[in-house]
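Biologist: I'd love a close look at one part of this model, with the cut-offs explained as you go. What does the lining of the largest pocket contain, class by class?

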Amino acid sequence: MSDSILAGLKKARERINPPPVLVSGYLTRVVGLMFEAVGVRAPIGSSCSVESAHGDIEAEVVGFENNISYLMPTQDAHGVVPGAKVKPRSSKQELPFGMELLGRVIDARGNPLDGRGPIFSDQKRRYRSQPVNPLNRRPVKQPLDVGVTAINACITVGQGQRMGLFAGSGVGKSVLLGMMTRGTDADVIVVGLIGERGREVKEFIEEILGEEGLEKSVVVAAPADQSPLIRLRGCEAAAEIAEYFRDQGLNVLLLMDSLTRYAMAQREIALAVGEPPATKGYPPSVFAKLPALVERAGNGGEGQGSVTAFYTVLTEGDDLQDPIADSSRAILDGHIVLSRELADSGHYPAIDIEASISRVMPQVVSDEHMKQAVQVRKWYSNYRRNRDLIAIGAYSKGSDPAIDQAIAMQPRVERFLQQPMKSVVSYDESLIQLAQVINPQYQKQG
């Protein structure tokens, strides 16, 4: 069939099935974060402009009931008046894509924040991509070097794995993320800074990430003072950018800080629409969106790359039974727990290898590596469980050979698990250090 006939058929179909008409409406109510409008005919997820005394305000349709549409503004609603006109926008929300993004800092809409001019890219994509068929994904078989000894050796991460980084506030999550950006062997790094204080965004980019880390990174920032809708879109934009680079055959490291603030943003939206709270104030839609976001990471199909993801999860009062933390553990491929006790004692990175686990580690490491990592875990665990008895002198040497060995090995294990913030230890070097903890006489082969 010729191209002219196909073009004619397409035009005929458009005349028979014209695109939906976007009908304007007006505001009837503004409560908290939510606008209520009548007369608006626009699908959920579409963008609208709301008239105000200071110019149009962008808002997104997030729900409807009968003839009432619920919209959430993406900016301050100052100046909105009763009966303000609400006009649907025909343009679709799209992000720029391409290698031009590397080294740039953007907002949730893809606009540059770094003052380095516009991003020139011919490629545009929607926020919501199609999920990968699970049977088309390649299995996790290769380890990923993150440049951190404790993770490389004892909690080995595989390419395409999804890991959680569980910690309370102020125990070194951002510092650990910065160490991984500088030390990883991934081709591209995508960092999502969601719900952070504005000061921390700049500090992370300039001091923790640094010029070297930024060169092969894309940073998506949606600070805490932004609308919950923008924070939600920030996470989705970071995931979409990571998927783009994966589709180009590259291995991507996605660092999302944090999954908890993504859940909190969805909670604000859902409660404002009227969804009833379920578990500790979180509506059911929150627990539906978490796996939808997490499942976007992972290995692609044949010819594609991988997205290895680390999602930070804030634990209120260091409580790992928090609803978001508990739900995240169930949908992730492992978790790394940062201990406040270790951080307070000056042990950095404050990784508690006893409470941390990588579910794919047995698939990506050798039997010898696994055996050595288990041995270090045993020494670490035995010492910590009996530390109080040892400290007060209640333990008698010789009572338990396993505890005696743990006490003897403790200084060596503690040195092995610590690492300066600016230091990068490769995967191979981490394995050598692990072997030297087990056998001090071990020498590098070859």
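Modeller: Happy to! By class, the lining of the largest pocket holds ten nonpolar residues, ten charged ones and four polar ones (nonpolar: Ala, Val, Leu, Ile, Met, Phe, Trp, Tyr, Cys and Pro; charged: Asp, Glu, Lys and Arg; polar: the others, Gly among them). This is a predicted model, so local features need pLDDT of at least 70 and side-chain atom pairs count only at pLDDT 80 or more, while totals for chains, interfaces and linings use all residues. Residues are numbered from 1 along each chain as its sequence is written, and side-chain values use heavy atoms, with hydrogens and water left out.

The lining comprises 24 residues. Nearest the pocket's centre lie Pro131, Arg137, Ala292, Glu295 and Arg296. Here a pocket is an open set of points on a 1 Å grid over the protein atoms alone where a 1.4 Å probe fits, with protein on both sides within 12 Å along at least five of seven lines; lining residues have an atom within 4 Å of a point. The volume of the largest pocket is about 540 Å³, counted as the space filled by probe spheres set on the points.

Helix α7 (284-294) gives the largest share of that lining, four residues. Helix α5 (228-247) and strand β14 (298-299) join α7 in each supplying at least two lining residues. Those names come from DSSP runs, numbered from the N terminus: helices are H or I over at least four residues, strands E over at least two.

To place the pocket in its setting, the protein has 14 helices and 17 strands. Its C-alpha atoms fill a box of roughly 85 × 55 × 40 Å along the principal axes. Of its 446 residues, 51% count as buried, that is, under 20% relative accessible area with a 1.4 Å probe and protein chains only.

Elsewhere in the protein, strand β6 (residues 85-88) shows burial residue by residue. Val86 and Pro88 point to one face of β6 and are buried, whereas Lys85 and Lys87 point to the other face and are not. In a regular strand, side chains alternate between the two faces of the sheet. Strand β6 has an antiparallel pairing with β1 (residues 25-31) over two bridges, where Gly25 stands opposite Val86. Strand β3 (residues 47-50) also pairs with β6 in the antiparallel sense, over three bridges, and Cys48 has Pro88 as its bridge partner. Pairing requires at least two DSSP bridges between the strands.

Definitions and conventions:
Buried < 20%, exposed > 50% of the residue type's maximum accessible area, 1.4 Å probe, protein only.
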